[in-house]
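Here's a quick tour of one protein model, starting with a single contact and then zooming out. Have the structure open as you read.

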Amino acid sequence: MTHSSSRAWIRHGVIALTSIFIAAGCSSLPSDSTQPAPVVATQAGAQIQFERLYNSSDYAARGVGPTRWLADGSGYTVLENATDGGQDLVRYHPETQQRTLLVAAADLRPSTDAEPLSIADYSWSEDGQKLLIFTNTKRSWRTHTLGDYWVFDLTTKQLQQLGGNAEPSTLQFAKFDPQAKRVAYVMKNNIYVEELASKRITALTKDGNDTIVNGTFDWVNEEEFFLRDGFRWSPDGQSIAYWQLDTAGTPLFTMINNTDSLYPTLKQFPYPKVGETNAAMRIGVMPASGGNTTWMNVPGDPRQHYLVRMQWAGNSDSLLIQQLTRSQAVNTVFLANANSGAVQKLLDETTESWAEYVDDVQFIDEGSAFTWLSERSGFRHLYVVQRDTGRLRTITRGQWDVIEVLQINPASGWVYFIASPDTPLERYLFRASLDGSGKLERLTPAQPGTHSYQLSADANYAVHTFSDIDTMPVVDMIKLPEHQSLRIIKDNESAQQNFDQLQRGDFEFFQVAAQDGLLLDGFLIKPADFDPSKKYPILFYVYGEPWGQTVSNSWGGERFLFHNYLAQQGYLVASIDNRGTRSPRGYEWRRSIYQQLGVVTVRDQHDALQAMLERWSFIDADRVGIWGHSGGGSQTLNALFRYPESYHLGMALAPVPDLTLYDTIYQERYSGLLPEAAASYRETSALTHAANLQGKLLLVHGTGDDNVHFQGSERLVNELIKHGKQFDYFAYPNRSHGIYEGAGTTLHLRTMMAEFLQEHLPAGAR
């Protein structure tokens, strides 16, 4: 049910440029509008055709990437299709846009008669003279972390495959050492170091097997903590710090594949459901040349705590480790001696719900301090922590959240971050002084919408992406701090023109009050031929859980186009962000749903519906539907079952009807531990209230969903049958959580949803 977020990150001497588009009290802060203006679209235009929407690229907004800023400031690199096949690696100067071919596709042929390598990802050595290429990838758990690695030397033009005689697509997380003379990687749960000159491979760990995992992670840590790459070179290249997991005792989940062979096949993997045994985690340091591991003596039962983050602490002698309790109510920061394993507690974040771990830690002031994000003021803000005392110095302050830290630049004295103090619907670039003076500057001009950035190492330039509800992402190169646009990189002009030609009704953002007066953000799409004197059916799109925000002034992609299709058919389409969603509205907003998923979340949705019915007479109270996917599927079920008189139709895709069936890390974070929270789990699970179903339900799930397991929907089916409830049910064979694999799947799913709506919640005005 989680959604990973994109971050700018420094690695291998470059700053990575992600190509993911966001879909999603300080007197010096500039103030603009508090709400984006309504978007009014043309009423004349073309109809959306599903075949064109799902079987062509006519409406597809494309990004750029994978791209990398070079550490020396000479420009950024991108992959471009070569005329004779393969991909050229090209450098552009950020200001002059001078183009330099660094690596030709022809140079990346493993042999004279072979095709050039297909590059899935790449990274540079710190001196920019060697290129590490990731290719021939396949999924490990839910992401493509397995593959082959090659090193290309720009000086000698030599191409070298890593791993010796390793099986294809078995290497993970290859990284140059600081001197670019060796590469470390994981293979079959062990860590190896390979010398580039001699091709000698040294196994640093040898105990990796089905249950002992070195340098990488199990399913649940990858999914919920985004822990994948599980080792770190020391700054001097002499040591490697790494995680080791012991998954023995974690129950195995079994999935059946009925479609890919004559007889069914089984897949098993450790998956700890609520209350079950977690993997034991520990962190060690070993010589990069081979030898014994020194384990860090972090206190606490390793199966009742999570070691969520680890990094070298500004030198090669110590590590900074973040440890969460199993309940995740406390995040403790330890400084660990890499030579002895001794640890010292520096600070902790203690809550009555869940504490956040921090990704954006950077050591400054010659290693004597580090940066930290905390919600202790009631809002997420940046601090500097003194290494020797744990004392905090405030960098940002006010009744607004730091959404994402992009770069901390000690040389210039600035930290660059994304925030939106005046409205949670938008995103802008700010910078603040690291000296604690409170100096704060907004760098994004007054252009309402969502702005994302990938900064150069010196923060003098950035790849800037802008979108709003009516504008597909536009990517340009800008100069900072003046935010001067130097060149358009990607404008998606053709897709934008196709979108602009569509028949569309009015779109508007609005706010309504919940029963306790709290204002909730929403959007409303009206039919193109809208007549306010008539009544229209309304369909709500819901997510409602802590990992999503559905109401934002940003390009909405396929789902937004699907909603516009429904509006063309004669539906009102709306969405509400209830409290608890990932909206930058402070600590209390986000934590108010602790142990109340499915209760407070859906109460807010119902309150919003009632307020909208009072405000707008054109909403037909007898034709109200709701739909959602994953956590949104769960909230859809709760809305149907808890407020059966108000919601007449629901479409629940890949839901979690019984919260005890989901994984420990996510569900215990928001719902508490068993047995103490047993009553809360019963009350917040949709399964408990299934007998109340009155409206029409479409239940959809993929049988190959390794995230939200198909068994949850099967349990719900049994419960509905027990109570004599009729409903529609569709299982997509061997599809995963996204329900997209296989030719025609998305088109089939959206067609089924549209037809279900038309049959049971007829479109059009009355």
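## A histidine and its partner

Let's begin with a side-chain pair: in this predicted model, His737 and Ser630 make a polar contact through their side chains, at 2.8 Å.

Where does His737 sit? Look in the loop that runs between β45 (728–732) and α11 (745–760). And is His737 buried or exposed? With a relative accessible area of 8%, His737 falls under the 20% cut-off, so it counts as buried.

## The annotated domain

UniProt, in an unreviewed entry, places "domain: Dipeptidylpeptidase IV N-terminal" at residues 125–472. What's the secondary structure like over that stretch? Strand makes up 48% of residues 125–472 and helix just 2%, while the C-alpha atoms at the two ends are 35 Å apart.

## The whole chain

Zooming out, the protein has 45 strands and 11 helices. Its radius of gyration is 26 Å, close to the 27 Å from the globule rule for 766 residues, so the protein is as compact as a globular protein of that length. Along the principal axes, the C-alpha trace spans about 75 × 60 × 60 Å.

Burial fits in here too: 59% of the 766 residues count as buried.

## Surface and charge

About 29300 Å² of the protein is exposed, and 47% of that comes from carbon and sulfur atoms.

As for charge, there are 86 negative side chains and 65 positive ones. The centres of those two sets lie 2 Å apart.

Key
Residues numbered from 1 in each chain as written. Predicted model: local features only at pLDDT ≥ 70, side-chain atom pairs only at ≥ 80, totals over all residues. Heavy atoms only, no water. UniProt positions renumbered as here; feature names shortened; annotations may be inferred. Helix = DSSP H or I, 4+ residues; strand = E, 2+ residues; numbered from the N terminus. Buried < 20%, exposed > 50% of the residue type's maximum accessible area, 1.4 Å probe, protein only. Polar contact = N/O pair within 3.5 Å; in protein donor to acceptor, adjacent residues only side chain to side chain. Rg over C-alpha atoms; globule rule 2.2 N^0.38 Å. Areas by Shrake-Rupley, 256 points an atom, 1.4 Å probe, with all protein chains shown as cover. Lys, Arg positive; Asp, Glu negative; His and termini not counted. Charge placed at Lys NZ, Arg CZ, Asp CG, Glu CD.
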